[in-house]
Amino acid sequence: MAWKVNHIKEGERKMTQKKKVCMLVHTHSFLDSRIFQKEAKSLQRNGYDVTMIVPRMKGKLFNVNKKPFNTQFLQKRFVHEGIKIVTYHYEQFKPTVDYMQSKVQSKMIFNNPIINLGLAENADVYHAHEITSLFLGIGIKRALAKQGKETKLIFDSHDLIPDPFDQKPKFLEMGKLLDKMLEEIDQMITVSPSIKAWYISKQPTLPIEIVYNSPPLNRSYKPMPPKANALTVGYEGHVSKEKKGSSDKIFNITKECKRNIENFKFKIIGGVLDGQTLPIPNYLKQNITLSGWVEFHDIPKQMTNVDIGWIDFDDLNKSLNRSYALPNKFFSYLNNGIPVIVNKCHDMEQFIRTHHCGIVLNKTKATGKDYAKAIQYLHENRDVLQQMSTNARKAMVELYNWEKMEQRLLSVYDSLLNQSKRFDIG
């Protein structure tokens, strides 16, 4: 897909040579849409030399659905789409919270083979994507400081983890560890206003920027005329028995909607993780379609015949993270002019209320029947559905597409590398 990129003026960057970025990853796939497809590629395209240090599981790199690559990406080091990939064995680095606490609190230099991989890159910026990879980043930053090299450390908080509502002792200790580690980073990036506010309450002077989980603007999008006698609800992502992407709720929604809506379809873009199955009841097989896991840039094609996007984050009383989430699928729907139906999740509710681009059920715990009623309402009120579609697309065109998020990311890097005084750019 060809993107129109609004580059920062050349004079503003003032890079006499390529600055080096090292992404540190511990649990995500190296092809993760946020890490690789968006951030790493954006930085590489805008003049940075980008390396990713990533885990192998049981000796194999793995895709976003956890499926191992058995015949591809077998080298320890290689270049993929312009990004240098350096790998390590995940099983050799699974530190406990107590271990990480002891090393971080000591303020001393600590070492391990993965930190050595990072040191070998001698990067200007290290960009960590999990608590454990942040631990690695702190080890690298301390070691380079002893060698006389100043480097910058970014923590990219994809989620509010550990979840403040989870009171298990392990997660309480992990929260204390993260609070301590935040003292040694130079910049935080996160994905929603509420997660940003949460961290500001802990570290008021910490520079934090929101980089939403937005896709590149779908420039091939064309508004589709409403289909009077047909309706397709879509779901993008991982399907499981419970929690988000509940297969039981998908089945119940379909069961209810097919009774009253002619030619009703529920389209799943993605599916179960590798090694799992999704048995669809026989009486619903004509109504539920699965695309399987598709390449990142093929998602818009799969969205072309979807009328309504579905998101359900259950157990909100036990998870502040889910309440604060603005997930990839949310913006994928909007990017393709698809209104969203969701239960009462705080940040998605605020967004939908602001841009009038969907329906928020007034329930934190919604059933399949609850969603079916909202779907039926939009089916019967096609003018409302059409206006929400227009609003969804407008929000992405004007405010939330990745091209605009890329500018935020580049501004973060410019402020870190070209200015001595740190500040929060918003």
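Two strands count as paired if DSSP finds at least two bridges between them. In this predicted model, six strands form an open sheet with parallel pairing. This briefing treats that sheet, then strand 1 with its neighbours, and finally the second largest pocket.

**The six-strand sheet**

- The strand order across the open sheet is 11-10-9-12-13-14.
- Strand 11 (288–290) and strand 14 (358–360) occupy the edges of the sheet. Each has a single partner strand, so one side of each is left without a neighbour in the sheet.
- From one strand to the next, the twist averages 20°.
- Within this order, strand 9 (residues 231–238) pairs with strand 12 (residues 308–311) in the parallel sense, over two bridges.
- The bridge partner of V233 in strand 12 is I308.

**Strand 1: burial and side-chain direction**

- Strand 1 comprises residues 20–24 and is mostly covered, with five of its five residues buried.
- K20, C22 and L24 point one way from strand 1, while V21 and M23 point the other way. Residues on both sides of the strand are buried, the charged-type name K20 included.

**Strand 1: pairing and connection**

- Strand 1 runs parallel to strand 2 (residues 49–56), and five bridges join the two.
- V21 of strand 1 stands opposite V50 in strand 2.
- A right-handed β-α-β unit is made by strand 1, helix 2 (residues 33–45) and strand 2.
- Strand 1 also runs parallel to strand 5 (residues 125–128), to which four bridges join it.
- In strand 5, Y126 is the bridge partner of C22. C22 is itself among the buried residues of strand 1.

**The second largest pocket**

- The volume of the second largest pocket is about 350 Å³.
- Its lining consists of 23 residues, of which Y221, M224, T304, V306 and N336 lie nearest the centre of the pocket.
- Helix 9 (299–303) and helix 14 (382–400) are the elements that give two or more residues to this lining.
- Helix 14 gives the most to the lining, with four residues.
- By residue class, the lining of the second largest pocket divides into eleven nonpolar, seven polar and five charged residues.

Methods: Residues are numbered from 1 along each chain as its sequence is written. This is a predicted model: local features need pLDDT of at least 70, side-chain atom pairs count only at pLDDT 80 or more; totals for chains, interfaces and linings use all residues. Side-chain values use heavy atoms; hydrogens and water are left out. Buried means under 20% relative accessible area, exposed over 50%, partly exposed in between (1.4 Å probe, protein chains only). A crossover is right-handed if, with the strands pointing away from the viewer, the path from the first strand over the helix to the second runs clockwise. On a 1 Å grid over the protein atoms alone, a cavity is a set of points where a 1.4 Å probe fits but cannot get out, and a pocket is an open set with protein on both sides within 12 Å along at least five of seven lines; lining residues have an atom within 4 Å of a point. Grid points are joined across faces, edges and corners, and a volume is the space filled by probe spheres set on the points. Ala, Val, Leu, Ile, Met, Phe, Trp, Tyr, Cys and Pro count as nonpolar, Asp, Glu, Lys and Arg as charged, and the others, Gly among them, as polar. Axes are lines fitted to C-alpha atoms, for helices over the stretch in contact, and angles run from 0 to 180 degrees between N-to-C directions.
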